[in-house]
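Thank you all for coming. I would like to walk through one model with you this morning, and I will try to keep to what can be read from the coordinates.

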Amino acid sequence: MLHLIRNSLKIKLKTPYIVFWPMLFPLIMATLFYVALNDLDEGKFETIPVCVVEVEGEKEGMQSIIFKEFLKVMENDSSDMPIIDVKYKNEKDALAALENQEIKGIFYSGETIKLTLFQDGYGESILKSIYEGFVQNYDTMERIVTSSSLTPNFTDEKLHTLITNFTKDTRTTFVQDCTFRGNSLKITSSFFYALIGMSCLYGCFIGLSCTDILQANLSKAAIRCSVAPVHKLKLILSEMAASFGLHFANVILLLIYLRYFLKISLTGNLPMMLLVVFFGSLIGVSLGIFIGSLKSKSEDMKVGILLVTSMSFSFLAGLMNNQMKYLVEKKFPLLNRINPAALISDAMYCLNIYEDTMRFTTDIILLFVISFFLILAAFISVRRVRYDSL
């Protein structure tokens, strides 16, 4: 069986699209992300002018009160160039300033905070990220202080203290109180964690190539393999083993590139990270084998299905927008439980940023379950094929 695995690896390594998409493309994407997003972590941007408008006739809620204090902290940043320059105006003057592009956006302070932008741009994207990040953190704090299971003795006095600390020093207080590994969370980390998830799913293209060897109706090479004096089970297992091994090596290469060359935050438990990408590789390859075994679909249709599936999962995991996974979690959390790319990204967060063993264990169990059923479905789909003639 070893010679079958060796020969399968030789064939796959000589196939251009198998070398490019699962191996080289994630490395290229990682390099482009690093070049394009590196300045975000370095803080190299101009101060962004923004207005705050108090909504008339609406009582100012706790979220708005805290947010205004939060803006003061950002505006009074001790660095040479603060992120934002906040002005307080009435709605008419603020809208006029926005239309004349004197400011980049308007924060409306009422029962809750709302953001209005005039156009898309770099400054507007930063304001949107500030707004979405604050709302995410506020919702998290609100859930903590209102959950009797987590804080049974939480009094109004403690809530007031927590809010006061939040407004005084948002950047340091919560970092000290939360259970972090001691690593700083960079803005770009989520993009690279989602990229690892995408890379695992791109094993589907290697899995798709397996069906060219296992199904005689797809290629002449498969016809020769089908009539060869080799047990079908041994042929299937050798193809699967070669595909899994090759793609696992591809993802390990990506981790090495991210960790040692681009210096991305991958300082967590290395064996656990390898376990995460191992299950991710199994999912990607088995997905490709299963889709490739669909007899009613053309080759182009199969490639299209795999491409749409892998990129949709990656998008929802935060590959294009680092707030997307949070939005999915808020609106439709079940989707994050069945999305392999989101589970891989979340597991990387747990290992490299947070000390959340229970959450990591849940991610691993879900990845194992998904990989088990996909491997079983892939095995059955190629095992059951029979031919009247070749």
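I will begin with the chain as a whole, then turn to the sheet, the enclosed and open spaces, and finally two individual residues.

Please keep in mind throughout that this is a predicted model. The protein chain has 17 helices alongside 4 strands, and of its 390 residues 45% count as buried. If we consider the contacts in the protein chain between residues at least 6 apart in sequence, 74% of them join residues that are at least 24 apart.

Let me move to the sheet. The 4 strands form an open sheet in the order β2-β1-β3-β4, and the pairing within it is mixed. At the edges are β2, residues 84-88, and β4, residues 113-117, each of which pairs on one side only. On average, and with direction ignored, neighbouring strands of this sheet are turned by 25° against each other. Inside the sheet, β1, which covers residues 48-54, pairs with β3, residues 105-109, in the parallel sense over 5 bridges. To give one position in that pairing, cysteine 51 has isoleucine 106 in β3 as its bridge partner.

Two helices should be described together with these strands. Helix α3, residues 62-75, lies across β1, β2, β3 and β4, and runs at about 130° to β2. Helix α4, residues 91-99, also packs on the sheet, where it touches β1, β3 and β4, and its direction makes about 160° with that of β3.

Next, the spaces. How many cavities of 30 Å³ or more does a search of the whole structure find? The search returns 1, and about 40 Å³ of space lies in this largest cavity. Its lining consists of Leu98, Gln101, Ile103, Lys104, Phe118, Gln119 and Glu124, a set that divides into 3 nonpolar, 2 polar and 2 charged residues.

Among the pockets, I would like to show the second largest, which holds about 210 Å³ of space. It is lined by 12 residues, and those lying nearest its centre are Leu4, Asn7, Ile213, Cys225 and Leu235. The elements that give two or more residues to this lining are α1 (2-13), α10 (220-227) and α11 (232-261), and α1 gives the most, with 4 residues. By residue class, the lining of the second largest pocket is made up of 8 nonpolar, 3 polar and 1 charged.

I will finish with two side chains, starting with lysine 325, which sits in helix α14, residues 324-331. Is this lysine buried or exposed? Lysine 325 has a relative accessible area of 16%, and because the cut-off for buried is under 20%, it counts as buried. Once its neighbours within four places in sequence are left aside, lysine 325 is in contact with Leu316, Ala317, Asn336, Ala342, Ser345, Asp346 and Tyr349.

The other residue is methionine 272, found in helix α12, residues 270-292. Methionine 272 has a relative accessibility of 29%, and therefore counts as partly exposed, since that class lies between 20% and 50%. Which residues does methionine 272 touch, leaving aside its neighbours within four places in sequence? Its contacts are Leu351 and Phe360. In the case of phenylalanine 360, the two residues are 88 apart in sequence, while their C-alpha atoms are 9.6 Å apart in space.

That is where I will stop, and I am happy to go back to any part of the model.

Note on methods. Residues numbered from 1 in each chain as written. Predicted model: local features only at pLDDT ≥ 70, side-chain atom pairs only at ≥ 80, totals over all residues. Heavy atoms only, no water. 1 Å grid on protein atoms, 1.4 Å probe; cavity = no way out; pocket = protein on both sides within 12 Å on 5 of 7 lines; lining within 4 Å. Points joined across faces, edges and corners; volume = space filled by probe spheres on them. Nonpolar A, V, L, I, M, F, W, Y, C, P; charged D, E, K, R; others polar. Pairing = 2+ DSSP bridges. Axes fitted to C-alpha atoms, helices over the stretch in contact; angles between N-to-C directions. Contact = heavy atoms within 4.5 Å. Buried < 20%, exposed > 50% of the residue type's maximum accessible area, 1.4 Å probe, protein only.
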